[in-house]
Number of protein chains: 4
Amino acid sequence: MLGFALFGCGRIGRMHAGFVAAHPRAELVRVFDVHRPAAEAVAAETGARVAETVEEALADPAVSAVLIASSTDTHVDLITRSAEAGKAILCEKPIDLDLRKVDACWQRIGHLGVPIQIGFNRRFDPSFAALARRLRAGEIGEPRQVIITSRDPDIPSDDYMKVAGGLLRDMTIHDLDLARFLLPEEPVAVFATASALIDERVRRLGEHDTAVVVLTTASGKQAVITNYRRAVYGYDQRIEVVGEKGMLKAENRHPTTVEVWTAERTAARDPVLHFFIERYREAYAAELDAFVEAVLEKKPVPVGFADGRAALRLADAAYESLATGRLVRLD
Amino acid sequence: MLGFALFGCGRIGRMHAGFVAAHPRAELVRVFDVHRPAAEAVAAETGARVAETVEEALADPAVSAVLIASSTDTHVDLITRSAEAGKAILCEKPIDLDLRKVDACWQRIGHLGVPIQIGFNRRFDPSFAALARRLRAGEIGEPRQVIITSRDPDIPSDDYMKVAGGLLRDMTIHDLDLARFLLPEEPVAVFATASALIDERVRRLGEHDTAVVVLTTASGKQAVITNYRRAVYGYDQRIEVVGEKGMLKAENRHPTTVEVWTAERTAARDPVLHFFIERYREAYAAELDAFVEAVLEKKPVPVGFADGRAALRLADAAYESLATGRLVRLD
Amino acid sequence: MLGFALFGCGRIGRMHAGFVAAHPRAELVRVFDVHRPAAEAVAAETGARVAETVEEALADPAVSAVLIASSTDTHVDLITRSAEAGKAILCEKPIDLDLRKVDACWQRIGHLGVPIQIGFNRRFDPSFAALARRLRAGEIGEPRQVIITSRDPDIPSDDYMKVAGGLLRDMTIHDLDLARFLLPEEPVAVFATASALIDERVRRLGEHDTAVVVLTTASGKQAVITNYRRAVYGYDQRIEVVGEKGMLKAENRHPTTVEVWTAERTAARDPVLHFFIERYREAYAAELDAFVEAVLEKKPVPVGFADGRAALRLADAAYESLATGRLVRLD
Amino acid sequence: MLGFALFGCGRIGRMHAGFVAAHPRAELVRVFDVHRPAAEAVAAETGARVAETVEEALADPAVSAVLIASSTDTHVDLITRSAEAGKAILCEKPIDLDLRKVDACWQRIGHLGVPIQIGFNRRFDPSFAALARRLRAGEIGEPRQVIITSRDPDIPSDDYMKVAGGLLRDMTIHDLDLARFLLPEEPVAVFATASALIDERVRRLGEHDTAVVVLTTASGKQAVITNYRRAVYGYDQRIEVVGEKGMLKAENRHPTTVEVWTAERTAARDPVLHFFIERYREAYAAELDAFVEAVLEKKPVPVGFADGRAALRLADAAYESLATGRLVRLD
């Protein structure tokens with residue numbers, strides 16, 4: 001059994017808590033949140049104990065792993081302290097919004113050798129994971145172009161946007177990781193264009209809601225990411241890879257298989273699953289499962305610190321492209 | 001080139017005329033209709049000449065084949081006269097509504113050996129024909145159950161229903177022929193149930209608008225036909241065959257591939273092609289093509305007089321089942 | 001909290017045990033199986049205690065409800081004893097294979113007024129339940145024809161078939177219940193045809209593997225069930241209802257949304273979810289949830305003893321139709 | 001009736017000839033090809049007369065319109081001479097591969113006011129045209145992002161590639177026109193990346209087979225084009241537009257609606273329609289129809305010389321982006 005401390009008991013922390021509590025090889029030992037009632041609510045639901053401080057949680061000998069689901073600006077500190085306390089770490093993306101802090105963090109903890117997994121949950125989505133497996137098994141031969149469609153159902157609150165680091169570091173970063181996951185080689189250059197078309201709020205914050213990011217690899221393979229932040233029909237999440245021997249696609253998921261056929265229209269289905277907690281429910285569970293297995297069986301975690309850094313590096317390059325209108329080469 | 005006389009210049013006759021006129025190996029020589037202006041309209045569109053009488057059309061030495069698209073009650077007479085004049089015959093279904101007349105007709109003309117093809121156009125639909133070919137090629141091994149969904153977009157006029165011979169002889173007859181086309185053996189028993197649910201008009205005429213017909217073969221294979229006469233979303237025409245190694249399906253056809261995704265619904269398409277002239281356009285053209293080829297190349301026609309009789313025989317048995325509540329065995 | 005005793009710890013009992021153990025308002029208190037190691041395995045997984053006998057389980061004051069998942073021949077006895085012990089009952093279908101025993105059981109326990117829910121899980125499938133809700137909400141107006149496609153992935157073992165009561169009482173009974181669930185009126189007549197086409201084993205047992213059942217209501221509405229027992233592409237479970245204003249369909253479920261497009265074929269997906277534990281997982285969970293809520297909140301259970309009887313009555317009538325070749329009217 | 005001369009009797013000229021000959025308001029009068037037997041073959045099929053020279057065709061008083069389907073390097077000359085002879089012009093894309101020649105041509109003939117339509121046939125595809133109509137009718141409100149997937153089934157011959165002007169001027173030009181057709185404003189900037197991944201032949205010619213082109217408008221709307229030149233499953237042609245109130249998609253077309261479900265895979269369809277003559281058959285016919293109607297009824301043609309120029313201008317800008325790695329702004 002792997003004993004967990006959870007840092008951060010907001011919406012996503014609460015979801016993680018449920019998965020840890022239900023996992024046959026994991027146990028939720030301690031929960032912490034700067035807002036104590038949030039921690040208490042999760043404790044009540046799961047039987048975990050509230051920790052008064054991060055120290056208290058890390059000092060608990062029953063805690064072997066931490067799950068970091070607090071706000072982004074606390075990630076580096078929590079990773080550092082947890083690593084120094086010798087805990088295995090599963091940290092929500094992103095590591096940080098500032099690449100220098102990410103690098104400084106690694107400088108300090110890299111040599112400690114604790115398992116650190118970054119929460120790029122989409123790699124664990126059953127459909128995306130199956131697509132990746134089949135791609136690697138050679139089902140369409142060499143992949144040449146990866147096309148990722150990623151649309152949120154709606155614009156976040158202003159408060160969220162102010163601290164999220166920008167569309168490309170907050171939302172696109174998932175797609176950048178997916179692109180790395182699916183491309184047969186690392187991207188070496190990035191182009192991005194983005195605009196604010198949907199809501200005046202976005203423009204006022206200097207933010208974006210509609211974007212295209214193109215990645216290229218040294219041999220000329222390409223990934224295209226299209227983002228949009230108010231898909232009124234639900235959380236639109238698709239992948240398409242075209243290659244030597246054909247195409248693999250992973251399509252959207254609907255709550256039911258019901259279709260309605262009327263005088264106005266046919267084969268009409270309900271809106272797709274609304275947002276990440278519903279859409280990627282199985283992915284979050286599988287992500288935890290992979291982490292628990294890796295830690296308990298001393299295998300490498302499937303998405304490491306370097307993957308977290310690489311996606312942020314791509315997001316930074318995308319912002320540079322946005323500013324300069326150039327294809328930005330990564331060195 | 002095969003010179004045609006067309007008998008009957010109503011809606012379906014006019015459609016046939018267009019196909020004959022456009023066919024590279026056929027020529028529309030004469031057109032006849034009891035309502036002369038209808039014949040004149042078709043003549044003007046196609047360059048054919050109006051015949052004053054059936055005799056005149058049959059006497060024209062340029063006429064080697066006839067296409068009978070007049071009202072059902074004229075079919076047997078026109079088939080008989082055309083056969084006796086030595087013409088090849090393509091006759092719209094049904095041969096007649098009365099099996100005894102059909103048998104008497106054959107008694108008289110069977111020995112003449114002229115090619116007679118009955119207009120079961122659906123066998124020539126590109127999707128249905130492809131399904132049948134793949135079935136015969138063994139793609140799903142031995143077929144065990146055939147399921148035919150056949151729904152008209154709306155109830156015909158009272159005038160039409162009064163002379164059409166009843167739902168099972170008018171509409172279902174196409175599906176009975178398709179069932180024979182797809183089953184690996186002849187049906188030996190028929191069960192039917194039918195009711196009038198859609199429109200008071202139907203009930204007043206003692207007619208039906210909603211039906212199920214089940215056919216079984218000697219070895220126990222089954223065909224199920226479901227009929228409904230007001231599918232508000234269009235002309236619903238589907239086939240499904242399940243067998244030893246899987247299932248083959250032929251789905252509905254839509255006017256375009258456009259889908260709309262909104263806050264209310266996703267993947268919504270337009271209503272399906274409305275009715276037989278649109279839905280089976282390619283089928284009618286292919287039916288004519290098969291007839292022309294068979295006649296010119298002295299090969300057997302693909303759907304013969306016996307097929308026309310057999311479908312009517314099944315429809316009669318379905319009515320007997322309806323009346324008696326029994327599975328009716330064909331002798 | 002609702003304390004449960006589980007009778008029967010085979011494959012399906014074990015699945016139910018998991019759902020009870022995970023339910024926030026239920027608790028698995030006691031488990032019993034005639035084969036003690038099966039009970040012990042479930043006890044180990046869930047923390048429940050093994051009961052040596054049915055009496056011991058029923059005598060436990062923490063047990064307020066029973067879940068009967070033992071072999072069919074034990075159902076009536078367990079229902080009777082549980083009802084007499086005042087327990088709420090969730091019993092796997094069928095109640096029994098013999099309608100007289102079912103009626104005798106009710107004679108004895110009907111007046112006790114304990115909640116009895118029969119395990120027609122498909123009513124709780126998210127897609128089927130959504131279809132039914134939308135049907136009742138009038139989305140397609142009055143329903144006229146219900147079409148249920150139900151195909152198992154493979155033939156059961158001879159041992160299973162010998163005691164299962166025949167295809168129509170074992171497999172079709174689910175579809176008969178679904179038909180009742182979806183039709184706006186009770187069926188009043190039944191026609192059935194069935195054969196053994198798939199495997200010599202089936203024929204030797206005098207059993208069937210391919211069937212069509214047609215139900216009609218007093219006003220002439222129809223339900224058509226097609227069954228087949230070796231759909232090599234998976235567990236094929238679909239519903240279609242056509243009505244006044246259109247059609248509602250519930251389609252098959254696939255493990256992922258992945259499609260592959262190659263030179264040979266396009267849009268190809270994996271086989272559908274293989275069998276009932278995977279396909280109806282959410283349905284079983286929702287069925288339990290509905291039972292727990294009904295019992296705790298003293299509301300009527302959603303699928304009662306009378307529903308269990310009615311489906312069996314239809315299956316019996318279907319066998320009578322099979323034997324006589326007649327549409328059998330229910331009195 | 002509109003009398004046509006056809007210049008160029010290769011594969012695409014021959015297809016156009018068939019449509020002109022079959023059009024109720026058009027007549028194919030003269031056909032010309034530098035390779036006389038090609039002209040003779042088309043003449044034999046359609047009843048048109050072979051012209052010995054372009055002059056002879058243009059001098060025929062029965063010729064009111066020309067259809068230019070000869071090789072690209074002859075377009076400007078034929079447009080110029082036809083315009084000076086006062087003929088209405090339907091010219092296959094592109095006008096020329098050199099923007100200066102295009103501009104010089106317009107300089108010379110623009111004032112003549114003859115109708116000139118450029119053959120961007122895809123605007124007339126029933127599905128794409130329906131999507132555009134619904135977009136303009138406001139079905140998804142303001143469009144924000146247009147995504148065009150365009151993949152050829154295979155690499156052309158070396159001979160073809162040597163004269164075709166490069167992937168972006170030959171293949172992508174259609175997509176650039178479609179993007180202009182669907183975007184609510186003109187693009188003002190272009191980014192492109194392209195590589196040769198599929199076949200060594202392509203690399204040797206300095207050509208590309210895999211590309212991404214991104215267009216942006218002044219207000220920040222975006223179009224993304226992805227191209228690939230060997231989609232082994234057929235000619236992949238799709239459009240997706242996401243906007244304020246949802247998404248419109250136009251999907252691929254298949255030869256039939258047949259699906260096969262087996263133990264290995266489900267819902268598998270045949271490869272999509274192979275190439276442009278099959279896929280865009282209705283589009284070519286509708287394009288001609290629009291031209292004939294515009295000329296006969298003295299309405300503006302739907303796709304003019306300026307559209308032909310604009311698409312070429314975008315292709316040139318895409319090549320500039322490819323060379324410089326910059327987002328190229330159009331002035």
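The following paragraphs describe a mixed sheet in a predicted model, the helices packed on it and one chain interface.

Residues are numbered from 1 along each chain as written, while chains are lettered from A and ligands numbered from 1 in written order. Because the model is predicted, local features need pLDDT of at least 70 and side-chain atom pairs count only at pLDDT 80 or more, whereas totals for chains, interfaces and linings use all residues. The mean pLDDT (the predictor's confidence in each residue, from 0 to 100) of chain A is 97, with 100% of its residues at 70 or more. The model scores are ipTM 0.95 and pTM 0.96.

An open sheet of eight strands runs in the order β14(A)-β8(A)-β9(A)-β10(A)-β7(A)-β11(A)-β12(A)-β13(C), with mixed pairing. Strands (E, at least two residues) and helices (H or I, at least four) are DSSP runs numbered from the N terminus, and two strands pair if DSSP finds at least two bridges between them. At the edges stand β14 (328-329) of chain A and β13 (258-261) of chain C; each has a single partner strand, so one side of each lacks a neighbour in the sheet. Within the sheet, β8 (residues 187-195) and β9 (residues 210-217) of chain A pair in the antiparallel sense over eight bridges.

Helix α6 (residues 126-136) of chain A packs on the sheet, touching β7, β11 and β12 of chain A together with β13 of chain C.

Chain A also meets chain D: 29 residues of chain A are in contact (C-beta atoms, placed from the backbone, within 7 Å) with 29 residues of chain D. On the side of chain A that touches chain D, β7, β8, β9, β10 and β12 each supply at least two residues.

Terms used:
Contact = placed C-beta atoms within 7 Å. Axes fitted to C-alpha atoms, helices over the stretch in contact; angles between N-to-C directions.
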